[in-house]
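Subject: Structure handover and notes

Dear colleague,

I am passing the structure below over to you, together with my notes on a few parts of it. Please have the coordinates open in your viewer while you read.

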Amino acid sequence: MSNGKRIGILTAGGDCPGLNAVIRGVVKSANTHGYEVVGFLKGYEGLVDPVSYIPLTHKNTTGILGQGGTILGSTNKGRFAATIGVNDRLELDPELVAGVKTTVEQLGLEGLICVGGDGSLAVSQQFHEHGIPVVGVPKTIDNDLSSTAFTFGFFSAVFCATDALDRLHTTAASHERIMVLEVMGRHAGWIALYAGVAGGGDVILLPEIPWTFEGVCQAIINREQRGKKFTLIIVAEGAALPDKGLVTQDKAETQKQVRLGGIGNYVGKEIESRLGKETRTVVLGHLQRGGAPTTFDRVLATQFGAHAVRLIIERKFGHMVTYQPPDMLSVPIIDAIKLATVCTSCSAVQAARALGVSFGDDYKELPFKYQPQSGEAAANGNGAGHSDSRGSKPAPGEAIGQASCLP
Ligand code: F6P
């Protein structure tokens, strides 16, 4: 069946729904074109020292289309880290790169498909620069890669967050409470924006739109004045606090990306203390990354898999498949790994505003008597700390690159 032609695939970085659909798409389409496929285990780690891989066949990939996670396993960073923080380049260890080259040659791979987000694809970019024949597939729930309208995994995460909002809606209404939902997305607000729109959020707080507590409180009071006694607030984990910056799970260290998280609790407590209204917070966390892919993500991931094989056949190495509706195209990986954040004039933001959704930035005058308390506590997630302040120089490893906006 294979005529000795072989390609490799690996799944790297944080997992997301749809990885198995890509693997299946690659195997089926590769087999159709006369290639056999090997799958490296635990992301880039399986490429070298020790090399660990499994043959991928129809038999061991059947039935995985709708399965969450990845049958190949994945590693976030590990020995292969090509970035510090968001954009700063870190050179891969030359010995590791040489080892990868040897593996590719010894296994006779015509191409290696790397399924990953910005950090993982930055590794692929360096492989490409060293002559290793790679192609990329854009994966991440954050949807923050440039040059593709959507990454797979994004809509599955949005589905999860929307379901959470639907559930919070009914309990918020019953108890006339404020409900705050914190979602993932790192420095991009796509999940918060799309879930906020899909789940009827009343206030959406994004990293891309500076907001204030006065703006949020005003939105709540405006609703109360219209007889709506509850409010749903969705906050992106990367939405910096006014004056206090990002809320993080750990302290920012050089050479390392900080773990975001904890802003939801901070927002909830602050609203409760300012308005005296009962407020509850839910942090959705990794629920957004688990479980089955949505129909859209299955279709997208399957197409990405088939088109990645096509790129190898066409020897378009150093490229990543990209969805630019209605077309499935490709771009150099180097162009794709720039951070793509929500642009404030995008259609979803405009539509939400037209519907009366607040982004916490529309505060005009104080509708209530509020005295800021002296020595307000600094924000932190698990008691760890916060990094940079809005407007000041970003913390090491957290510099945000050039923003772009496709959808
Ligand atoms: O990039 C995907 C993502 O889920 C982000 O939204 C989130 O900030 C991060 O990964 C969480 O990473 P980890 O699984 O390492 O906690």
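What follows is a set of notes on a glutamine, the cysteines, a pair of helices and two residues in strands.

Please bear in mind throughout that this is a predicted model, and that each value below was computed from it.

I would begin with Gln288, which sits in the loop between β12 (279-283) and α9 (295-313). Although Gln288 lies in a loop, its relative accessibility is 0%, and because the cut-off for a buried residue is under 20%, Gln288 counts as buried. The side chain of Gln288 comes to 3.1 Å from the backbone nitrogen of Met184, and Met184 also appears among the residues that Gln288 touches, the others being Pro17, Ile141, Ala157, Cys160, Val183 and Ile191, when residues up to four places away in sequence are not counted.

Cys160, one of those contacts of Gln288, leads on to the cysteines. A disulfide is a covalent bond between the sulfur atoms of two cysteines, and a search of the whole structure returns zero of them. Cys160 has a relative accessible area of 18% and is therefore classed as buried, the limit being under 20%, while Cys346, with a relative accessible area of 4%, is buried as well.

Turning to the helices, α6 (residues 190-198) packs with α11 (residues 347-354) at an angle of about 40 degrees, their axes lying 10 Å apart. Because an angle under 35 degrees would count as roughly parallel and one of 65 to 115 as roughly perpendicular, the two helices α6 and α11 are oblique to each other. The crossing of α6 over α11 is left-handed, and the residues that meet there are Leu193, Tyr194 and Val197 from α6 and Ala348, Val349 and Ala352 from α11.

The last part concerns Pro55 in strand β3 (residues 53-56) and Val37 in strand β2 (residues 35-40). Leaving aside neighbours within four places in sequence, Pro55 is in contact with Val37, Val38 and Asn60, whereas Val37, on the same basis, has contacts with Ile7, Ile9, Val26, Val27, Ala30, Ile54, Pro55 and Leu56. Pro55 counts as exposed at 51% relative accessibility, whereas Val37 counts as buried at 2%. As for C-alpha separations, Pro55 lies 9.2 Å from Gly8, with their positions 47 residues apart along the chain, and Val37 is 9.7 Å from Ile23, at 14 residues apart in sequence.

With best regards

Definitions and conventions: Residues are numbered from 1 along each chain as its sequence is written. This is a predicted model: local features need pLDDT of at least 70, side-chain atom pairs count only at pLDDT 80 or more; totals for chains, interfaces and linings use all residues. Side-chain values use heavy atoms; hydrogens and water are left out. Helices (H or I, at least four residues) and strands (E, at least two) are DSSP runs, numbered from the N terminus. Buried means under 20% relative accessible area, exposed over 50%, partly exposed in between (1.4 Å probe, protein chains only). A polar contact is a pair of N or O atoms within 3.5 Å; within protein, one must be able to donate a hydrogen and the other to accept it, and residues adjacent in sequence count only if both atoms are side-chain atoms. Contact means heavy atoms within 4.5 Å. A disulfide is a pair of cysteine sulfur atoms within 2.5 Å. Axes are lines fitted to C-alpha atoms, for helices over the stretch in contact, and angles run from 0 to 180 degrees between N-to-C directions. Angles under 35 degrees count as roughly parallel, over 145 as roughly antiparallel, 65 to 115 as roughly perpendicular and the rest as oblique. A crossing is left-handed if the near helix is turned anticlockwise from the far one by less than a right angle, and right-handed if clockwise.
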